[in-house]
Amino acid sequence: MDSVLDDVRSSRRHAPHIAAWRRLPAQAPQYADWPQHLDDRIVDAARERGFERPYTHQAQAIDAVLRGEHVVVVTPTASGKTLAYSLPALHTLLNQPAARALYLFPTKALAHDQLAELRAWNDILDADLRPASYDGDTPASSRPKIRRQARIVVSNPDMLHVGILPHHTKWSELFRNLRFVVLDEIHTYRGVFGSHTANVVRRLRRIARFYGSDPQFVCCSATIANPVELAERLTEVPVTLVDDDGSPKGERHVVFYNPPIVDQQLGIRRSAVQETEQLARHFLQAGVQTIVFTRARQTTELLLRYLQTSEVIHNSQLTIHNSQLIRGYRGGYRPNERREIEAGLRDGTIRGVVSTNALELGIDIGQLDACLMAGYPGTIASTWQQAGRAGRRAGVSAAVLVASGGPLDQYIVKHPDYFFEQSPEHGLINPDNLLILLDHLRCAAFELPFEAGEAFGDPLRPQKHHQPSSQANRAEMMCEILDYLVDAGDLHRVGDVYYWMSDNYPAEGVSLRSAGPDNVVIVDATNPEQPQALGTVERSSAPQTVHEGAVYLHDGDAYLIDRLDWEAGQAFARAVDADYYTRASVSVDVRPADVFDEQATSGADVGYGEVQVTSKATSFRKVRFYTQETLGWGDIELPEQTMLTTGYWFALDEATVERLREAGWWQFDPVGYRGPNWQQQRDAARKRDGYVCRHCDAPERPDRQHDIHHLQPFRDFGYVAGENERYRAANQLDNLITLCRACHRKAENAQRFQGALTGLGHVLGHVAPLFLMCDYRDIGIQAEAQAAWSKRPTVTVYERAPAGVGFSEMLFRLHGRLLSTAQELIRDCACDRGCPSCVGPVGEVGEDAKAYTLVILAELVES
């Protein structure tokens, strides 16, 4: 590893682009004595397994749990958190023969990994703990025995939600004797998934109370800013924090790498994917077992394809093709594929893996030496978690962050002190998201009848102003919701008791991973006689990823989507030898439905509340691998999708617009009437252009004509109805061009003010995750120079999860700080007129969008 790092540091190809290089020295272990009350049999077994003494944080956690406290343990990856919760659980089960424990992990892979560890403890203790996993992969023949006999049940929130709680009568022994519930990796329980999981825990505690038990919770997390708050929101019990990490650390090198600029004037950098490929090949060819993280499934498959089709690497004395040595790993792979890859990484037969964040968690994949991240993972916490997958034992390791051209990536690599010194982000959840809460009230009513006055949730601290602030108010709100479900035909009220009446099984239709509908299954129909499931995508993203004509990438192979059955939730694909992939364009309309709060600030009116988002995938383009050139276009014919969520917005006030107009910056006043010959000239332009878009050659659809765009804006001609005939010059055919809706929007965006607002939206969408523990794809941006609902220049940031999970309110509170950070980022960017690292590409936002955006921000940011 030292040799490889020296090569990178001295390489003419790579050294000039190293933005930061931090060496984190090795850390010696800090030990403590075994807690006095821990069973001697467990101490002896621990020593036999090589744990002579516990680390300080392990001893503190064990002691707190043995005192009966609910605990959250917050230490880095590979610090031995498993020991901190397993030993006190084993202590209780050894001394209380009827006691049971439930271990919950966010993924099945992690659960199976921990089951092997529990079985090792069971064997060395010669105990009868009967640990068993219970998830979707558990054979049906094994399930009755597990329900009756297992004293430690290892599962995940999804299976608890759909396979255990609804069938609690079959699990009476577990719930009657439940003493421990372990929630591991709680930093992953944020946003929609965390909001669902908190409601699953509510249902778990409700059923446990019904059987007479009150389990103790032990939570574990990577380092985040608010572990106690998150743990208490998930479990609704007070927790004790343990965060004094005593584990040893090997020497680690953390490198920030900024790809070279390929267009100095426009500030465009070389692709982070291509640079990551070069660096990964360097590590792999040197014999360093390497993991590469990407931010999206498609990027995973692209990078995997690039690495597998490069020259072979060597494994011992054998030369093996890269498709065997380098594998992909992401959601959507079949369980047997994932287990094969995990085993190959542990035994060293697989030398490299390209993964989404599916391998970010503590699954045992052996001793990896290098971690490369193709783009900033989105949060400080996730970056350290991914970096921690390399160097899990003593020795030198490396973590290399390859920045994309996005504003957030550029901010991080240009401000490394912000990353290394900043406290990690907050984990935010909203268990009372109305759509999510409704789903789980239905599930809870199916499990046990509700009594009037039952609160379903016990908040430990005051809620937001628009949510119930006391138990009495909460119980009243629950009654209103339960009465709504009565009116909907789901429940039947008899006196003060609500009973489930519907014929359906509610948990089956509720996915914990989204606040909306379920998934679409991709079916491999290459052999029509033997179709098989290839993978899944969320229904909300299906119009962009598995529309007819899309290329779906799986484990480096390309599949062409021939048909999407929207109603049945199935996309039929066949294997093809394609030299391209596809990208979809989506049109979005956003407008407020309800205002929760608003205020006047410097230059704008700011608010947040419920918004309606209407989106439609309109077209797609075919992009050649490696060169990224566009090979062709196609239409997407799928219905619009409408969603109610929460959003934060600001609209420039009239005084600000007037100042910009007087200074010559405002160029958008609406045109309206375009003269008496407009329809005639419009039809003539469409006919002249053959009824196809002059930019992308897309033909008109039967249900919608193309737009006609003025090359020189109509307003520039100064036409006034009844006073002059300047419309004739404006509407000459030489000034008109036929454009499809998507291309017309791009043309309008190039106008000065719209371009500036689009650039501002581009920056805000990427810097918002600095303040939120979310991915930039968790929020959407709508920037309009003349919003239909406000009649003013407006930027709206909305959550992509139905009903929202709290991001919008936080952005509303941080409005001033958000804008000042955006202003700092744009000012610090070295480009002349705008680039992808600040306001966006000049070709999309206009020649002077950077200057115009800074003018707008000067009006909005208080000095």
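The lining of the largest cavity in this predicted model is of mixed character, its residues dividing into four nonpolar, three polar and two charged. The residues that line the largest cavity are Pro407, Gln410, Tyr411, Lys414, His415, Leu825, Asp828, Cys829 and Ser837. Two elements, α16 (407-414) and α27 (815-828), each give two or more residues to this lining, and the largest share, four residues, comes from α16. As for volume, the largest cavity encloses about 70 Å³, and the structure holds five cavities of 30 Å³ or more.

A second topic is the state of the cysteines. The structure holds zero disulfides, and two cysteines that are in no disulfide are set out below with the nearest cysteine sulfur for each.

| Cysteine in no disulfide | Cysteine with the nearest sulfur | Distance |
|---|---|---|
| Cysteine 479 | Cysteine 443 | 19 Å |
| Cysteine 696 | Cysteine 693 | 3.7 Å |

Why is cysteine 696 not counted in a disulfide? The nearest cysteine sulfur, that of cysteine 693, is 3.7 Å away, whereas a disulfide is taken to be a pair of cysteine sulfur atoms within 2.5 Å, so cysteine 696 is left without a partner by this cut-off. For cysteine 479, the nearest cysteine sulfur belongs to cysteine 443 and lies 19 Å away.

Is cysteine 696 buried or exposed? Cysteine 696 counts as buried because its relative accessibility is 7%, and buried means under 20% relative accessible area.

How values were computed:
Residues numbered from 1 in each chain as written. Predicted model: local features only at pLDDT ≥ 70, side-chain atom pairs only at ≥ 80, totals over all residues. Heavy atoms only, no water. Buried < 20%, exposed > 50% of the residue type's maximum accessible area, 1.4 Å probe, protein only. 1 Å grid on protein atoms, 1.4 Å probe; cavity = no way out; pocket = protein on both sides within 12 Å on 5 of 7 lines; lining within 4 Å. Points joined across faces, edges and corners; volume = space filled by probe spheres on them. Nonpolar A, V, L, I, M, F, W, Y, C, P; charged D, E, K, R; others polar.
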